[in-house]
Amino acid sequence: YYQKGIEACNEYGNDFALCGLYQQIGTAYLNQRNYIASENYFKRSLLINEEDKESRQLAYDGLAEVYDKRQEYKKAYEFKKLSASLKDSIFNQQSEETIHQLSVQFESKQKQMQIDSLRQNSYFSQALISSKNKQRNIAYLATACIFIFSCMSFYLFFKRKKLEKEKALFEERLRFSRDLHDDIGSSLSGIAIYSDAASDKI
């Protein structure tokens, strides 16, 4: 099983998977108390992947355990120190990445809040402008209505005055014609009486 995995990793050039596979084989030999083979595979994993700190830290742990089982405590202590050093470095790196990520998220949140605030202010400004425009339009409409109403009121007032004058003139003319008719009637009656009296004398 492990051999087929090694062949596949070599075929596809997957060093990361090969490194993990060597560490699994080293752990398997360690559990079988084959410390020489276990040491060999842990050291192979170190030669393959020199950049991955987590992988190297696991290999250092494996070697420290191998030397501890073989009672080579000085080597075990040295690899344990290397493992602890890498572990601290990994922790610090992860902490820095976490802090950076949180900082980016915080800045992104702050920017989003500023954008939302600007949008909200823009919305309120537009609403205020729209409200002012409506009030201005209403004021214009009210002024126009008052002007039209005033013009109609003046027109009706002058029209009523004109009708009253025409009515008064008509009534004056009617009264004058009646008086004239009465005067003419009286005059004609007087003439008729004088004519009859003159006829009797003749």
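In what kind of crossing does helix 2 pass helix 3? In this predicted model, helix 2 passes helix 3 in a left-handed crossing. The axes of the two helices come within 8 Å and cross at roughly 165°. That angle makes helix 2 roughly antiparallel to helix 3, because angles over 145 degrees count as roughly antiparallel.

The chain contains five helices and zero strands. Its pattern along the sequence is accordingly written α-α-α-α-α. Of its 202 residues, 17% count as buried. Helix 2 covers residues 15–31, helix 3 covers residues 35–48, helix 4 covers residues 53–69, and helix 5 covers residues 73–201.

Two further helix pairs were examined. Helix 3 and helix 4 pack at an angle of about 160°, and their axes are 9 Å apart. Helix 3 is thereby roughly antiparallel to helix 4. The crossing of this pair is left-handed. For helix 2 and helix 4, the packing angle is about 20° and the axes are 11 Å apart. These two helices are therefore roughly parallel to each other, because angles under 35 degrees count as roughly parallel. The crossing of helix 2 and helix 4 is left-handed.

Two loop residues have backbone angles of note. Arginine 33 lies in the loop between helix 2 and helix 3. Its phi is near 65°, which is a positive value in a residue other than glycine. Arginine 33 counts as exposed because its relative accessibility is 66%, and the cut-off for exposed residues is over 50%. Glutamine 71 is located in the loop between helix 4 and helix 5. Phi of glutamine 71 is near 65°, again a positive value in a residue other than glycine. With a relative accessible area of 57%, glutamine 71 is exposed.

The structure holds seven salt bridges. One of them joins the side chains of glutamate 39 and lysine 43, with an N to O distance of 2.9 Å. Glutamate 39 and lysine 43 are four residues apart in helix 3, so about one helical turn separates them. The two partners fall into separate accessibility classes. Glutamate 39 has 12% relative accessibility and therefore counts as buried, since buried means under 20%. Lysine 43 has a relative accessible area of 36% and is partly exposed.

Another salt bridge is formed by the side chains of lysine 80 and aspartate 61, at 3.4 Å from N to O. Lysine 80 belongs to helix 5 and aspartate 61 to helix 4, so this pair ties together parts that are 19 residues apart in sequence. Lysine 80 is partly exposed, its relative accessible area being 46%. Aspartate 61 is also partly exposed, with a value of 22%.

A salt bridge is likewise present between arginine 70 and glutamate 72, where the closest N and O atoms are 2.9 Å apart. Arginine 70 is partly exposed at a relative accessible area of 28%, and glutamate 72 is partly exposed at 25%. Salt bridges with shared partners link Glu39, Lys43, Arg70, Glu72 and Lys75 into one network. The network thus includes Glu39 and Lys43, the pair described above within helix 3.

The surface also carries a nonpolar patch, formed by Phe176, Leu180, Ile184, Leu188 and Ile191. Together, these residues have about 520 Å² of accessible area. One member of the patch, isoleucine 191, is placed in helix 5. Isoleucine 191 counts as exposed because its relative accessibility is 53%, against a cut-off of over 50%.

In outline, the model consists of five helices without strands. Left-handed crossings are found for helix 2 with helix 3, for helix 3 with helix 4, and for helix 2 with helix 4. A salt bridge between lysine 80 and aspartate 61 ties helix 5 to helix 4.

Methods:
Residues are numbered from 1 along each chain as its sequence is written. This is a predicted model: local features need pLDDT of at least 70, side-chain atom pairs count only at pLDDT 80 or more; totals for chains, interfaces and linings use all residues. Side-chain values use heavy atoms; hydrogens and water are left out. Patches are made of residues with over 30% relative accessible area and no salt bridge: like charges are joined within 9 Å, nonpolar side chains (Val, Leu, Ile, Met, Phe, Trp, Tyr) within 5 Å. Accessible areas come from the Shrake-Rupley method with a 1.4 Å probe; for residues, only the protein chains shown count as cover. A salt bridge is a side-chain nitrogen of Lys or Arg within 4 Å of a carboxyl oxygen of Asp or Glu. Buried means under 20% relative accessible area, exposed over 50%, partly exposed in between (1.4 Å probe, protein chains only). Axes are lines fitted to C-alpha atoms, for helices over the stretch in contact, and angles run from 0 to 180 degrees between N-to-C directions. Angles under 35 degrees count as roughly parallel, over 145 as roughly antiparallel, 65 to 115 as roughly perpendicular and the rest as oblique. A crossing is left-handed if the near helix is turned anticlockwise from the far one by less than a right angle, and right-handed if clockwise.
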